[in-house]
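Hi,

Here is the model I promised to pass on. Have a look at it first, and my notes follow underneath.

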Amino acid sequence: MVEKVKKRSAKAGLPPGVLVHVGTQKVTESRVHILDYDEQGVREKKRASLDECLPFRDSETMTWIDIEGLQDVGLLEGLGRCYGLHPLILEDILNTDQRPKSDDMEDYIYVVLKMLDFDPDSLEIVSEQVSIVFGRNFVISLQEGREGDLFEPLRQRIRNGQGRLRRFGPDYLAYSLLDTIIDHYFVILEKFAERIEKLEEELVSNPRPDTLQKIHRLKHEMIFLRKSAWPLRELVSKLEKSESDLIQPATKLFLRDIYDHAIHIVDSIESYREMLSSMLDIYLSSVSNRMNQVMKVLTIIATIFMPLTFLAGIYGMNFKHMPELGWPWGYPLVLVLMFALAGAMIYYFKKKNWL
Amino acid sequence: MVEKVKKRSAKAGLPPGVLVHVGTQKVTESRVHILDYDEQGVREKKRASLDECLPFRDSETMTWIDIEGLQDVGLLEGLGRCYGLHPLILEDILNTDQRPKSDDMEDYIYVVLKMLDFDPDSLEIVSEQVSIVFGRNFVISLQEGREGDLFEPLRQRIRNGQGRLRRFGPDYLAYSLLDTIIDHYFVILEKFAERIEKLEEELVSNPRPDTLQKIHRLKHEMIFLRKSAWPLRELVSKLEKSESDLIQPATKLFLRDIYDHAIHIVDSIESYREMLSSMLDIYLSSVSNRMNQVMKVLTIIATIFMPLTFLAGIYGMNFKHMPELGWPWGYPLVLVLMFALAGAMIYYFKKKNWL
Amino acid sequence: MVEKVKKRSAKAGLPPGVLVHVGTQKVTESRVHILDYDEQGVREKKRASLDECLPFRDSETMTWIDIEGLQDVGLLEGLGRCYGLHPLILEDILNTDQRPKSDDMEDYIYVVLKMLDFDPDSLEIVSEQVSIVFGRNFVISLQEGREGDLFEPLRQRIRNGQGRLRRFGPDYLAYSLLDTIIDHYFVILEKFAERIEKLEEELVSNPRPDTLQKIHRLKHEMIFLRKSAWPLRELVSKLEKSESDLIQPATKLFLRDIYDHAIHIVDSIESYREMLSSMLDIYLSSVSNRMNQVMKVLTIIATIFMPLTFLAGIYGMNFKHMPELGWPWGYPLVLVLMFALAGAMIYYFKKKNWL
Amino acid sequence: MVEKVKKRSAKAGLPPGVLVHVGTQKVTESRVHILDYDEQGVREKKRASLDECLPFRDSETMTWIDIEGLQDVGLLEGLGRCYGLHPLILEDILNTDQRPKSDDMEDYIYVVLKMLDFDPDSLEIVSEQVSIVFGRNFVISLQEGREGDLFEPLRQRIRNGQGRLRRFGPDYLAYSLLDTIIDHYFVILEKFAERIEKLEEELVSNPRPDTLQKIHRLKHEMIFLRKSAWPLRELVSKLEKSESDLIQPATKLFLRDIYDHAIHIVDSIESYREMLSSMLDIYLSSVSNRMNQVMKVLTIIATIFMPLTFLAGIYGMNFKHMPELGWPWGYPLVLVLMFALAGAMIYYFKKKNWL
Amino acid sequence: MVEKVKKRSAKAGLPPGVLVHVGTQKVTESRVHILDYDEQGVREKKRASLDECLPFRDSETMTWIDIEGLQDVGLLEGLGRCYGLHPLILEDILNTDQRPKSDDMEDYIYVVLKMLDFDPDSLEIVSEQVSIVFGRNFVISLQEGREGDLFEPLRQRIRNGQGRLRRFGPDYLAYSLLDTIIDHYFVILEKFAERIEKLEEELVSNPRPDTLQKIHRLKHEMIFLRKSAWPLRELVSKLEKSESDLIQPATKLFLRDIYDHAIHIVDSIESYREMLSSMLDIYLSSVSNRMNQVMKVLTIIATIFMPLTFLAGIYGMNFKHMPELGWPWGYPLVLVLMFALAGAMIYYFKKKNWL
């Protein structure tokens, strides 16, 4: 889960604007999905080629180009040339180790952030970088490409013509994409909350060395999660306060809404972080407590049996002149003495609250 | 106590503005309580229906609509249409996992915060979300709906015509609602202080493994409390600095007062948090101290009896040629030697301050 | 020392501006002390009544009304009406659980802060709330009322006509009151420094379980102290930057001076806090070190005597065919072997630096 | 790795602007490399002398003077005089214990930062100070001088005439130098991430005292790394927001890009720092856990064998009247009793989850 | 090292502006050293009296009055009257427990800070307060007075007429004084770095209880050092941003230089602080590790010898019917059994990595 910056070093010596895909290939082929719509109707093209994208640039209608898989550098260069994207933006899109941010490039606005999901197999958080570029009449969204598609419900809404999507501009579509992604953070946080709750029960009822590992792993994921979520506030706030005329005043109200969500997410993460810290402290304390318990058992056993064994040792000596050995009541008396000694010890420990 | 974001994920895919009640149903039915008043008189309707609410919109008099229970989505939609509430505001009202905040919507101001209470049974803090919307001639307050009703004294004051409530506008009523809720935080903090004090005494006089759990639980609740109280400062400060003409200058003085309260609450929470941290440190230290004590007892016992038992073991050997065994004073001499050894040990421990 | 917010909850349901004395009664009766002065002369009235206060309002001379004991709510209401104090200010004066702050109310300025003292008996810090209200020709100071009177030297200076007090306005008197109170914080901090130094010596020379309690208590008081001192900076800074014409430019220079003091106090408190944290760490470490010492003694004893006892046990067995038992040199040989074994062990521990 | 401020004290008494080389000599001779270019062509001089630098000052073409090794103070003074550098700037260049910063000196801009690298032998981070001065038609870069040369690819690009370097001004060259250096931080961070990952595996699978040293060393390097990286944000931000006309608007876009990188680096360092802290906590906990394990073994052994040995001791006593000793089944019975006792103990420990 | 605020309380009740020397007398007599100079020449008076100071006030030449020892209150009052110093400034000069700060008093600027040095005997940091007052044609510097004199090199430079000192105004001399003092902080930090490095080696190679005390002492001094260094940033920044015409624009460049130094110092202190914290953690961990080691030795010894002793105990019982005792191979068999048992134990511990 240590963030893989590895591939990034491959770029260290290169001039800025050279396009190299940094990250792991998640799909074998870049898929392009075009959705062109206005209030009247919808035109859709699945698995489109670059040439099919270009004509939409000059149309009056809104165009949403969704690309899954970033390895087709030629496709991106073509799109970039067509929509006038700056080389640095293309570079950022391809570099999947990007810090979430939003950039106002005058003719278009560029947003990049992390889409989080739970891998149902490994139960780990998986992260996918999503770039969103929107201008006067287009939205381009670029995903690394995984199985699940969070954007399908949005497409469905556009096809149905429900809601505001068809009536509002590309800024509203971009907002809807952001909203979809950020809403999904709550799903992740819920899973987190469940795991923390479970761990807490385990901690109280039956802490094991294993528990420590689990706390550690959660802490680790939390650091990762925080790194993805923390910049969201700034990202959305920058959009909301932007003076670009690409963002309608009506949309800003919606952006303020996801700004509140972003703060809520960060707050929750901080709370969970504190809980995990507190759990580690509790774990350490309960280990100490347990050790105390073990030590007490040892001390009680030793304190009771050492004197008794010593006593038995005395009467096991082979001196010729030990008068007690000849007494008829010697043996029973010693036994009684031993019992008394043990009883006294136990009474002492009871009083000291060790038993 | 891990905040339940659970239901929230049910909304993850939905378009913004779709009204879904997020949270647990706390009452079986939404109750509407209307209080319409001006300086001359008061008109009151308990358990009113939506249709009874609407006529008050255009009256000159002040109208306070108090709703308990949020599950009647139709009622809210009706109210929203009547008073021109933005769909996002209605969504926030229904989503009871909201971060406290205030929004200036020009025609009305929206405030949402947490009302805290102690559950007398479980001794845990219970939290209820309260939304307050106020405009030129109305205040709408929306509670999730629990047994106790903190707002009844306010209603009584309106009915009696005492104080400023009848003379001042809806901003003053909204302030009074906020003041009532925030004042109740002090009640919670007092209960907290009592529990901390009790725990501290327990810590000093008789720390047990149980004490650790109690510190942990208090810390947990503190995190929750802080999450509710922290945003209050910003919320009130935003109202106080608002340039909206819905808030009279005279009322701002009162808002500054609850701003001071909000800071005071946050300060107190921070102090308690530090105390709890310090208590955990002390607990850990005292566990270590206790273990030290136990170890000393063990070491003293072992150090005294191991050499003695060894000595007894020597004279328990069956060598044929052990002259000491034949001496008439052999046995008493060995006993004296043993006592001397034990005495020397005890003297050594006394000097080392272990006894 | 957990701050007593208790009584505050009694106010939770009441409307704002209702006057209830929150806190413990510290004197049986409110004492009013009037000092009316100008450059020419001084008029003084001890134990004055409310009616005696009122005429001074319209005089040209400066009037300082000092009140000890806050339980006489009628007196305060009278004063408030006479000098036009806002109900919220009167409420704040009576609520002795107030966060230190300063409020500019146009016609007068309100300052509230904590006066700290050491209780010579319990060696604990005691805190008393002081409110200062000053306007164009008056200063009203309100104390909860304790034995010692920090303000007497000020009165003496006014009577003598020394220094600037008689020549400057009420802002300078208010500054002098603040200066007196804040200067006294240094006395408290010195006592603190002494206690920390003593504790540090104890920690180095002879740490005991008792030491832990002392660190804890100091930490506790430090939290309390910080809560009182922290808002002072903001309080004074607000006064210094105030644009009110109640504060002369010449006085602002003096306010800047106590602003520096306030920062100095906060700095010192932070330093002491860090020292206490560091001391707790050191204590924990030294407990661990001590336990290590104890464990080593135990281990050395056990490691030396267990093998020896085992050897003695072997020759204590009753087998018929044990040739060593018949050897004439068997016993001495075994003794020599035992000594050699013990010596080897001790050499080993010496080499391992355990002895 | 404690940063060596040592040599700096040699300067303590000297007047400002006196040029003394502070730091270790890393090459035996200062090497000067001149690259003069415009859109048409490139002129290059390796191992140039001071006199060869001067003529370029007044040429229209861009001049990049790269100096490796700072011990030739005369060379720097000459350059400084020629390009009008302020004595304080020359002093900062020579003092290799400089905090990264950028200064706008009107006629030129001065940037100083740390170039980091991994020493392949000692696996430690090595740091080299790089100063960059750029004006209207020149860039001077000054390195302490190590083996590897990060700037060679840039030179190659200039020679080839590829990309923007030949077309854009000295601000773009300066940006490219910064970009090269800051990009190299990612290489260092990757190495770090690898070492942390390895250490984490070691921590989970097989923690040793050695592991502790490794965590400590990484933490140490992290502190060093942070000290170098932290001021980068401010440095780049100051350049980006500079109103100097030495920086073209087009270049600012590129500066914003490395500003994002700088924030990303700082974020990553913070994440690693938290991971290291968390690892230390885990290490401590697992040491405690291990000790618990050891203690349990000891306690189990002692608890089983002490009572048995005591029993054997009883029947080893030499009393004349011990009827059990004569019973034919005495010995087997005692053996059975012993087995039963041991079994009971083991059952008890199983139930207590100690086995 | 707990900062001595003691004497300060002596001032608690006094009116502001009353001159009392707060601090310890470090020299027996106040020494006044006058250096009057302009570009043409220098006039110098050692051990001058007050009357000799006054004539310089109205001369055109620059005058530097350096005073060592603050106990001669009359001298200061005279100077204050002559140069028009505000009573609060004189008070601050005499109170040697001052927080570093700079105040712009229009006619002159007042700077107070701590000059640090290492006491070669006790190896502790000693601190001396230095006040600098400079106006249009004078600089007054006031030291508490110790042996070493950091300012002598400056005087020498003035006498020689080298550098800028004779040409520039009093602001440059004041800057030079500040620079001299702040440069000396680096000397202190170097000594610190050496001690930390040494301690770190000790920690890795051979940690002792003594090491803990050393870490504690260093931490203590660090807190003290930080308290002196932290306000330097603000102090210099205020000077640099001052709009007073007492500070020439040329000098501001130099002030920016020492501002960078001040930030560098604070950064270094923070780094050392973190290193010390980390060292304490490491110490605690290594103590735990060591205890683990000790426990393992104990457990191994006990686990090997307890069963063996028990076995020997069995055959030491005196039952009449113990057939093994009669077997000719009984004794050797038992010995073999014992060796096998011990071997098995050792093998088990080897496998568990305890040996």
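**The sheet in chain C**

In chain C, strand β4 pairs with strand β5 (residues 109-118) in the antiparallel sense, over four bridges. Here two strands count as paired if DSSP finds at least two bridges between them, and helices (H or I, at least four residues) and strands (E, at least two) are DSSP runs, numbered from the N terminus. Within that pair, Ser102(C) has Val111(C) in β5(C) as its bridge partner.

Before I go on, the housekeeping. This is a predicted model: local features need pLDDT of at least 70, side-chain atom pairs count only at pLDDT 80 or more, and totals for chains, interfaces and linings use all residues. Residues are numbered from 1 along each chain as its sequence is written, while chains are lettered from A and ligands numbered from 1 in the order in which they are written.

Back to the sheet: it is open, has seven strands in the order β2-β1-β3-β7-β6-β5-β4 (chain C), and its pairing is mixed. β2 (42-45) and β4 (101-104) of chain C are the edge strands, each pairing on one side only. Direction ignored, neighbouring strands are turned by 15° against each other on average. Lying across β3 (62-68), β5, β6 (125-134) and β7 (138-143) of chain C is helix α5 (residues 170-205), which runs at about 30° to β5(C). (Axes are lines fitted to C-alpha atoms, for helices over the stretch in contact, and angles run from 0 to 180 degrees between N-to-C directions.)

**Hairpins and domains in chain A**

Strands β5 (residues 109-118) and β6 (residues 125-134) of chain A pair in the antiparallel sense over ten bridges, and Lys114(A) stands opposite Gln129(A) in β6(A). Their hairpin has six residues between the strands, and Leu123(A) takes a positive phi near 60° there. Next along, β6(A) and β7 (residues 138-143) of chain A are also antiparallel, over five bridges. Three residues make the hairpin connection from β6(A) to β7(A), and Phe134(A) stands opposite Val139(A) in β7(A).

The domain assignment splits chain A into domain 1 (6-285) and domain 2 (294-351); such bounds come from an automatic or database domain assignment. The C-alpha centres of these two domains of chain A are 75 Å apart.

**How the copies are related**

Chain A goes onto chain B with a rotation of 72° and 0.1 Å of shift along its axis, at an RMSD of 0.2 Å. That is the relation of a five-fold axis. (Superposition is by least squares on the C-alpha atoms of residues with pLDDT of at least 70 in both copies.) Gly316(A) is the residue of chain A that comes closest to the axis, at 4.3 Å (C-alpha).

For chain B onto chain C, the turn is 72° with a shift of 0.2 Å along the axis, and the RMSD is 0.2 Å. Gly316(B) comes closest to the rotation axis among the residues of chain B, at 4.6 Å (C-alpha). Only 17% of the interface residues of chain B are also interface residues in chain C, so the copies meet through different surfaces.

**Who touches whom**

A contact means that the C-beta atoms of two residues, placed from the backbone, lie within 7 Å. The contact of chain B with chain C takes 52 residues from chain B and 49 residues from chain C. On the chain B side, α4 (152-160), α5 (170-205) and α7 (249-314) each give two or more residues, with the largest share, 31 residues, coming from α7(B). By class, that side has 23 nonpolar, 17 polar and twelve charged residues. (Ala, Val, Leu, Ile, Met, Phe, Trp, Tyr, Cys and Pro count as nonpolar, Asp, Glu, Lys and Arg as charged, and the others, Gly among them, as polar.)

Chains C and E also meet: α7 (residues 249-314) of chain C packs with α6 (residues 209-241) of chain E at about 175°, with the axes 10 Å apart. That makes α7(C) roughly antiparallel to α6(E) (angles over 145 degrees count as such, under 35 as roughly parallel, 65 to 115 as roughly perpendicular and the rest as oblique). Residues in this contact include Asp267(C) and Met275(C) of α7(C) and His216(E) and Lys219(E) of α6(E). They divide overall into five nonpolar, seven polar and four charged.

And which chains do not touch? Chain C and chain D do not, their nearest C-alpha atoms being 9 Å apart. Chain A and chain E do not touch either, again with nearest C-alpha atoms 9 Å apart.

Cheers
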